[in-house]
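How does one justify the terms used to describe a protein model? The exchange below takes such terms in turn and sets values against definitions.

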Amino acid sequence: MKSKMIVLFLLVRVLVYAQTDSTDLIVQKMMKEQKITGLSLAVIKNGKAVVNKGYGLANVEHNVPVTEKTVIRLGSVSKQFFATAILKLMEEGKLSIEDHVHKFFPDAPETWKPIQVKHLMSHTSGLKREGPAYNNSIIQPDLVIIKSAYSLPLDFKTGEKYQYCNLAYFMLAEIITQLSGMPWQDYIREKLFIPAGMKNSGMTDFYPIIPNRASGYMHKNGALVNADAMYAVRPSGGFLSTSTDMILWDKVLTEKNIILKKENWELLWQPFIKTSGNSASKEYYGFGWAINELNGRKVVEHGGSNIGFRSFYARFVNDGLSIIIMTNTDEANPAAIVRALSEYYFRKK
């Protein structure tokens, strides 16, 4: 019996090593192809983190490796936090997603009157993608960015179609600030990050000293260089985090027993609008999440990009698999790495 147990133990060790090694091979191969400087990876299967590690460098000049504690910009993966916060305010009785934006922006133009909160969350408002006053090099109040779009016409009738809109998420951030009585980043930290146990997630402020923060990189004329600094904070991509913290967030999304009621968690992932005019397409957007189908498997996902950073978060909700990738290289394509890893893990089932 003892010898059988030893053999079984060794077999399990071999299988675990083979899986981890295969994950490493896939990631390292694609990092080389995409010239990625550093990458943080989390893989969660059936509620358990089977991979939580870093690859490459968080800072090239000081030869600092990426680890599970490295703090990296999420880009638009942050949109899910704003959508969740809006639903939290709804649960607190402070708004309805059916509310019109004039309730919060009374001086907005007449053309904005049909726009409701749900249209901001789903990229169906008709607003321009960006507020014209936005500038990466200037720190400005969100309201300045929003009001700079007042004179612009809508691109289409509200609710008519999907068009990705960062301006809408500036508006959601301002609504959170108005109704909570605190800056949006503080409300999200207090109501989302702290309950989830996410101690190393926060706003992408350029100036504070943030332990373990990764530097961003890009390629120019074939050479790796430091990415341009982003001094401005974009609520549309407003947070940075670690793979360890994102594993904790995935646990919250899976269990759906804190922060929001279960039905409101589900509301985030309900298809609200098709993201293309193709009638055969199975790609939709909900609230802060895209809903897709990959090889017959339902996936809710979102990508993100800031200058020097690219991220992707995919949850195969009916298969118990989540993959989160954060990189510090402008040219990275983390979605492609997620696809390759998902194929590998489904083959291993």
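The following questions and answers concern this predicted model.

Q: Why is D24 called buried?
A: Buried means under 20% relative accessible area. D24 has a relative accessible area of 13%, so the residue is classed as buried.

Q: Why is K53 called partly exposed?
A: The relative accessible area of K53 is 26%. The class of partly exposed residues lies between the limits of under 20% for buried and over 50% for exposed, so K53, at 26%, is placed in that class.

Q: What makes the contact of K53 with D24 a salt bridge?
A: The definition asks for a side-chain nitrogen of Lys or Arg within 4 Å of a carboxyl oxygen of Asp or Glu. In this pair the closest N and O atoms are 3.0 Å apart, so the criterion is met. The two residues come from distant parts of the chain: K53 belongs to strand 2 (residues 48-59) and D24 to helix 1 (residues 2-34), 29 residues apart.

Q: How do you know that E33 and K29 form a salt bridge, and what separates the two residues in helix 1?
A: Their side chains meet at 2.5 Å, N to O. The limit is 4 Å, so the pair qualifies. E33 and K29 are four residues apart in helix 1, which means that about one helical turn separates them.

Q: Why is it said that D319 and R297 tie together parts of the chain?
A: A salt bridge joins their side chains, with an N to O distance of 2.7 Å. D319 lies in the loop between strand 13 and strand 14, whereas R297 lies in strand 12, so the bridge connects parts that are 22 residues apart in sequence.

Q: Which class of accessibility applies to D319, and which to R297?
A: D319 has 17% relative accessibility, which is under 20%, and therefore counts as buried. R297, at 24%, counts as partly exposed.

Q: How many salt bridges does the structure hold?
A: The model contains 19 salt bridges.

Q: What makes strand 13 largely enclosed by the rest of the structure?
A: Eight of the eight residues of strand 13 (residues 309-316) are buried, so the strand is largely enclosed. F309, S311, Y313 and R315 point one way, while R310, F312, A314 and F316 point the other way, and all are buried. In a regular strand the side chains alternate between the two faces of the sheet.

Q: How do you know that strand 13 pairs with strand 12 and with strand 14?
A: Pairing requires at least two bridges between two strands. Seven bridges join strand 12 (residues 297-306) to strand 13, and seven join strand 13 to strand 14 (residues 321-327), so both pairs satisfy the requirement. Strand 12 and strand 13 run antiparallel, and strand 13 and strand 14 also run antiparallel. N306 stands opposite F309, and S311 stands opposite M326.

Q: Where do residues with a positive phi occur in the two hairpins?
A: The hairpin of strand 12 and strand 13 has two residues between the strands, and G308 in its turn has a positive phi of about 90°. The hairpin of strand 13 and strand 14 has four residues between the strands, and G320 in the turn has a positive phi of about 65°.

Q: Why are strand 4 and strand 5 called edge strands?
A: The open sheet of three strands has the order 4-8-5, with antiparallel pairing. Strand 4 (72-73) and strand 5 (202-203) each pair on one side only.

Methods
Residues are numbered from 1 along each chain as its sequence is written. This is a predicted model: local features need pLDDT of at least 70, side-chain atom pairs count only at pLDDT 80 or more; totals for chains, interfaces and linings use all residues. Side-chain values use heavy atoms; hydrogens and water are left out. Buried means under 20% relative accessible area, exposed over 50%, partly exposed in between (1.4 Å probe, protein chains only).
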